[in-house]
Amino acid sequence: MTQRFTTRSWLLPALLGSGAALGASALYAVSKARGAEQRHPPIGSFLTVDGVRLHYVERGQGEPLVLIHGNGTMIQDFLVSGIVDELAKRYRVIIIDRPGYGYSERPRALWTPRAHATLFQKALQQLGVSQAVVLGHSWGTLVAVALALQAPQLVRGLVLASGYYYPTLRADVILFSPPAIPVLGDAMRYTISPVISRLILPGLIKAMFAPASEPDRFDREFPKELMLRPSQLRASAEDAAMMTPVTIELQEHYRELKLPVVIVTGADDQIADVGRQSERLHGEIVNSEFIVVPGMGHMIHHLAPEQVVRAVELASKHARAAAA
């Protein structure tokens with residue numbers, strides 16, 4: 001009887017204390033997210049596709065060029081890199097925040113690369129784009145490939161930068177996937193996930209640029225706070241969890257790509273193994289071109305922007321030749 005009373009005497013206060021702590025964490029996460037959005041408001045325009053509100057930016061005039069960002073980032077990743085300023089001199093550059101990133105919505109759904117591709121195809125139709133060269137970086141390469149497979153009449157050429165194309169065992173998938181779990185993940189991303197992500201973010205950024213250093217411009221101008229919002233943490237977790245399964249399906253179709261493809265990567269990429277990913281894809285796609293930049297890591301558009309611009313120009317040149 002005494003033991004039961006003693007247990008009850010500490011259990012209720014412990015539960016109440018835990019609930020209060022979680023509630024405070026949730027309020028903190030919401031407050032930080034709102035503050036981040038006030039400091040970094042939308043920089044582009046909006047359109048709605050199949051009920052999904054998408055945030056996008058356009059720069060320049062000329063042949064349409066679509067840029068698709070990777071996991072965890074957003075439109076500003078390309079803007080801060082400097083490649084948009086250069087490419088906008090010759091192309092109509094269109095960058096869309098993928099669902100759940102930046103200021104694009106992400107309804108509950110299975111957001112595979114093919115689902116992204118369907119949404120992007122309709123978005124580009126709304127923007128009056130009938131043909132375009134498409135550049136994808138990292139996770140965005142999967143969307144770019146899916147778009148080329150589903151809409152070959154739309155995609156004139158592909159530029160695939162620092163991509164992941166074939167299934168492998170990845171520790172980061174296990175580490176970053178829990179916030180994607182329904183209910184449990186929702187609780188995590190409003191409580192402990194923002195705090196943990198804030199602590200590990202510097203190390204993640206270092207790994208993305210390694211062996212090179214993080215550029216000063218990225219450190220100054222990229223809105224890192226937006227990456228830590230609960231909504232974007234969910235998108236990142238879902239994409240991480242999806243990474244291996246979707247490549248199992250997509251790898252069966254790479255040989256179907258008959259359009260010009262230029263693959264560009266850093267030779268020392270520590271996120272996506274060059275030999276097992278980009279080099280293997282180059283061997284599988286007939287007439288693809290392969291640009292490897294020595295000493296550079298995953299964020300190739302920041303570290304070697306001139307090589308990425310060159311890759312776009314090659315894809316565009318080959319596409320014009322194929323159409324002639």
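**Exercise 1. Strand pairing**

In which sense do β6 and strand β7 pair, and over how many bridges?

*Solution.* The structure is a predicted model.
Step 1. Locate the two strands: β6 covers residues 155-161, and β7 covers residues 261-266.
Step 2. Determine the direction of pairing: β6 and β7 pair in the parallel sense, over four bridges.
Step 3. Identify one pair of bridge partners: Leu160 is matched with Ile263 in β7.

**Exercise 2. The sheet as a whole**

Determine the order of the strands in the sheet and state which strands stand at its edges.

*Solution.*
Step 1. Write down the order: the eight strands follow one another as β1-β2-β4-β3-β5-β6-β7-β8 in an open sheet, with mixed pairing.
Step 2. Find the edges: β1 (45-49) and β8 (289-293) each have a single partner strand, so one side of each has no neighbour in the sheet.
Step 3. Add the twist, which averages 25 degrees from one strand to the next.
Step 4. Place a helix against the sheet: α5 lies across β3 (63-68), β5 and β6, and runs at about 160 degrees to β6.

**Exercise 3. The chain in overall numbers**

Describe the content, burial, contacts and surface of the chain.

*Solution.*
Step 1. Count the elements: the chain contains 14 helices and eight strands.
Step 2. Consider burial: 53% of the 324 residues count as buried.
Step 3. Consider contacts: among those with a separation of 6 or more, 79% join residues 24 or more positions apart.
Step 4. Consider the surface: the accessible area of the chain is about 14,600 Å², and carbon and sulfur atoms account for 58% of it.

**Exercise 4. Salt bridges between distant parts of the sequence**

Find which parts of the chain are tied together by the pair Arg90 and Glu313, and by the pair Asp239 and Arg106.

*Solution.*
Step 1. Begin with the total: the whole structure holds 21 salt bridges.
Step 2. Examine Arg90 and Glu313, whose side chains meet in a salt bridge with an N to O distance of 2.7 Å. Arg90 belongs to the loop between α3 (83-87) and β4 (91-96), while Glu313 belongs to helix α14 (residues 305-323), so the pair ties together parts 223 residues apart in sequence.
Step 3. Judge the exposure of this pair. Arg90 is partly exposed, at 34% relative accessible area, and Glu313 is also partly exposed, at 31%.
Step 4. Examine Asp239 and Arg106, which form a salt bridge with the closest N and O atoms 3.0 Å apart. Asp239 is in helix α11 (residues 230-250) and Arg106 is in the loop between β4 and α4 (113-126), so this pair ties together parts 133 residues apart in sequence.
Step 5. Judge the exposure of the second pair: Asp239 and Arg106 are both buried.

**Exercise 5. A salt bridge within one helix**

Explain why Arg234 and Glu238 are separated by about one helical turn, and name the network to which they belong.

*Solution.*
Step 1. Compare positions: Arg234 and Glu238 are about one helical turn apart because they lie four residues apart in helix α11.
Step 2. Give the distance: the closest N and O atoms of their salt bridge are 3.1 Å apart.
Step 3. Apply the cut-off for burial, which is under 20% relative accessible area. Arg234, at 9%, is buried, and Glu238, at 11%, is buried as well.
Step 4. Extend the view: Arg98, Arg106, Arg108, Arg234, Glu238 and Asp239 are linked in a network of salt bridges.

**Exercise 6. Backbone exceptions**

Identify what is notable in the backbone at Ser138, at Ser162 and between Ala210 and Pro211.

*Solution.*
Step 1. Recall the general rule: most residues other than glycine have a negative phi, and most peptide bonds are trans.
Step 2. Consider Ser138, whose phi is positive, near 55 degrees. Ser138 is in the loop between β5 (132-137) and α5 (139-150), and is buried at 16% relative accessibility.
Step 3. Consider Ser162, which has a positive phi of about 55 degrees. Ser162 is in the loop between β6 and α6 (171-176), and is buried at 1% relative accessible area.
Step 4. Consider the peptide bond from Ala210 to Pro211, which is cis, with omega near 10 degrees. Pro211 is in the loop between α8 and α9 (216-221).

Note on methods
Residues numbered from 1 in each chain as written. Predicted model: local features only at pLDDT ≥ 70, side-chain atom pairs only at ≥ 80, totals over all residues. Heavy atoms only, no water. Buried < 20%, exposed > 50% of the residue type's maximum accessible area, 1.4 Å probe, protein only. Pairing = 2+ DSSP bridges. Axes fitted to C-alpha atoms, helices over the stretch in contact; angles between N-to-C directions. Contact = heavy atoms within 4.5 Å. Areas by Shrake-Rupley, 256 points an atom, 1.4 Å probe, with all protein chains shown as cover. Salt bridge = Lys/Arg side-chain N within 4 Å of Asp/Glu carboxyl O.
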